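Trainee: Could you walk me through this structure with a few questions and answers? I would like to see the reasoning behind each one.

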Amino acid sequence: MTTRKEKIIIGNLKMNGSLDFYSSYFNDVKENLKNLNNVLIGLCVPYPYLFKAEEILKNSNIGWGSQNVAKFLSGAYTGEVSAGMLKDFLSLYVIVGHSERNTAYCESDENIADKFKIIKDQGMMPILCVGETLIEREAGIMETVVESQLKAIIERYGAKTFDDTIIAYEPIWAIGSDMAATPAQTNKMCKFIRNKINKNITNEVKNLKIIYGGSVNTKNALQLFALESVDGGLIGRASLDVSEFVSICKAATSVTKK
Ligand code: PEP
């Protein structure tokens with residue numbers, strides 16, 4: 001069980017790498033981060049490399065997982081991978097609702113909610129991505145957009161389903177763009193997300209991490225992670241480079257209250 005004060009850094013390696021790449025990448029990350037305390041680290045990799053993650057990262061301080069999952073437990077769903085299969089490789093984290101999937105595969109809010117629930121029910125930790133487009137931000141409706149993404153889960157499964165989960169605020173315009181959200185924009189939205197989830201329940205959600213993703217790099221990591229409402233980061237491109245990813249993880253430790 002994690003505590004609120006621990007930051008969490010998740011690498012989203014997307015559809016990158018190869019068996020050779022991951023064989024050295026996992027070893028290098030493991031070696032360079034072995035003494036890092038007060039920060040949780042996870043690597044979400046393409047399905048075929050989960051076995052390598054398990055082989056190299058087991059007994060280390062680094063968790064691993066995937067970038068998607070099927071919304072069904074098993075059956076005639078050609079091309080899908082179930083939560084149980086992910087668990088066979090001791091996966092801990094599953095990214096769900098990433099905007100790249102939503103755009104390319106028309107992932108509906110309903111699908112995302114069902115996947116979120118199945119990940120939790122199977123004892124893994126969902127990393128739910130929420131965020132607005134640039135047009136939506138410019139129109140001033142970013143909070144309405146994020147609220148409706150959260151509502152899709154709250155209305156189906158209740159706000160307490162966010163216990164022991166991660167929400168990544170990823171403004172779509174900031175992903176892969178070199179234009180990270182400002183600290184003020186990030187802080188405001190992460191606070192908004194926590195308040196919305198806790199709004200109609202008597203006992204606040206437990207162990208909900210709200211992290212930021214979108215063009216995090218070694219230059220902006222410290223400023224973003226130091227924000228009171230930000231529990232860490234979801235790192236895309238910068239996670240592919242071991243030394244950059246290691247520096248970002250170190251930035252997270254340096255702002256963690258002991
Ligand atoms: C992402 O796609 O989850 C992401 C954060 O990407 P990048 O860091 O490359 O913007």
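Mentor: Gladly; what follows is a set of questions and answers on this predicted model.

Trainee: Let us start with the ligand. Which residues around the ligand come nearest?

Mentor: The ligand has 13 residues around it. By class, that shell contains three nonpolar, six polar and four charged residues. From these 13, the ones that come nearest are Lys14, His98, Glu170, Gly176 and Arg237.

Trainee: How many Å separate a polar side-chain atom of Arg237 from an oxygen atom of the ligand?

Mentor: Polar contacts here are pairs of N or O atoms within 3.5 Å. A polar side-chain atom of Asn12 lies 3.3 Å from a ligand oxygen, and for an N or O atom in the side chain of Glu170 the distance to a ligand oxygen is 2.8 Å. For Arg237, the distance from a polar side-chain atom to an oxygen of the ligand is 2.6 Å.

Trainee: And what percentage of the ligand's accessible area does the protein cover?

Mentor: Glu170 is one of the residues with a side-chain N or O atom placed by a ligand oxygen, at 2.8 Å. On its own, the ligand has 300 Å² of accessible area. The share of this area covered by the protein is 99%.

Trainee: Now the aromatic rings. Is the pair of Phe21 and Tyr22 stacked or edge-to-face?

Mentor: The structure holds nine aromatic pairs. In the pair of Phe21 and Tyr22, the ring centres are 4.9 Å apart and the planes make an angle of 85°. Planes over 60 degrees apart put a pair in one class, so this pair is edge-to-face.

Trainee: Which of these two residues, Phe21 or Tyr22, is buried?

Mentor: The cut-off for buried is under 20% relative accessible area. Phe21 has 26% and is therefore partly exposed. The other ring residue has a value of 0%, so the buried one is Tyr22.

Trainee: Which residues form one aromatic cluster with Phe21 and Tyr22?

Mentor: Phe21 and Tyr22 are an aromatic pair, with 4.9 Å from centre to centre. They also belong to one cluster of aromatic residues. The other members of that cluster are Tyr25, Phe26 and Tyr49.

Trainee: On to the cysteines. Why is Cys106 in no disulfide, and how far is the closest cysteine sulfur?

Mentor: A disulfide is a covalent bond between the sulfur atoms of two cysteines. A search of the whole structure finds zero disulfides. Cys106 is exposed, at 65% relative accessible area. Its sulfur is too far from the closest cysteine sulfur for a bond, because that sulfur, in Cys129, is at 17 Å.

Trainee: Which cysteine has the sulfur nearest to that of Cys129?

Mentor: Cys129 is buried, with a relative accessible area of 8%. Cys129 is in no disulfide either, and its nearest cysteine sulfur is 9.2 Å away. That sulfur belongs to Cys44.

Trainee: Let us look at the backbone. Where does Asn38 lie, given its positive phi?

Mentor: Asn38 has phi near 60°, a positive value in a residue other than glycine. Its relative accessible area of 24% makes Asn38 partly exposed. Asn38 sits in the loop between helix H1 (19-33) and strand E2 (39-44).

Trainee: Is Ser215 buried or exposed?

Mentor: Ser215 is not a glycine, yet its phi is positive, at about 60°. Ser215 is placed in the loop between strand E7 (208-213) and helix H9 (221-225). With a relative accessibility of 9%, Ser215 counts as buried.

Trainee: Finally, some distances. How far apart in space are Leu36 and Leu50, C-alpha to C-alpha?

Mentor: Leu36 is in the loop between H1 and E2, and it is buried at 15% relative accessible area. In sequence, Leu36 and Leu50 are 14 residues apart. In space, their C-alpha atoms are separated by 23 Å.

Trainee: And what is the C-alpha distance between Thr186 and Pro171?

Mentor: Thr186 belongs to helix H8 (residues 183-198), and it counts as buried at 0% relative accessibility. Along the sequence, Thr186 and Pro171 are 15 residues apart. Their C-alpha to C-alpha distance is 9.2 Å.

Notes:
Residues numbered from 1 in each chain as written. Predicted model: local features only at pLDDT ≥ 70, side-chain atom pairs only at ≥ 80, totals over all residues. Heavy atoms only, no water. Near = heavy atom within 4 Å. Polar contact = N/O pair within 3.5 Å; in protein donor to acceptor, adjacent residues only side chain to side chain. Areas by Shrake-Rupley, 256 points an atom, 1.4 Å probe, with all protein chains shown as cover. Nonpolar A, V, L, I, M, F, W, Y, C, P; charged D, E, K, R; others polar. Phe/Tyr/Trp six-rings, centres within 6.5 Å; stacked < 30°, edge-to-face > 60°. Buried < 20%, exposed > 50% of the residue type's maximum accessible area, 1.4 Å probe, protein only. Disulfide = S-S within 2.5 Å. Helix = DSSP H or I, 4+ residues; strand = E, 2+ residues; numbered from the N terminus.
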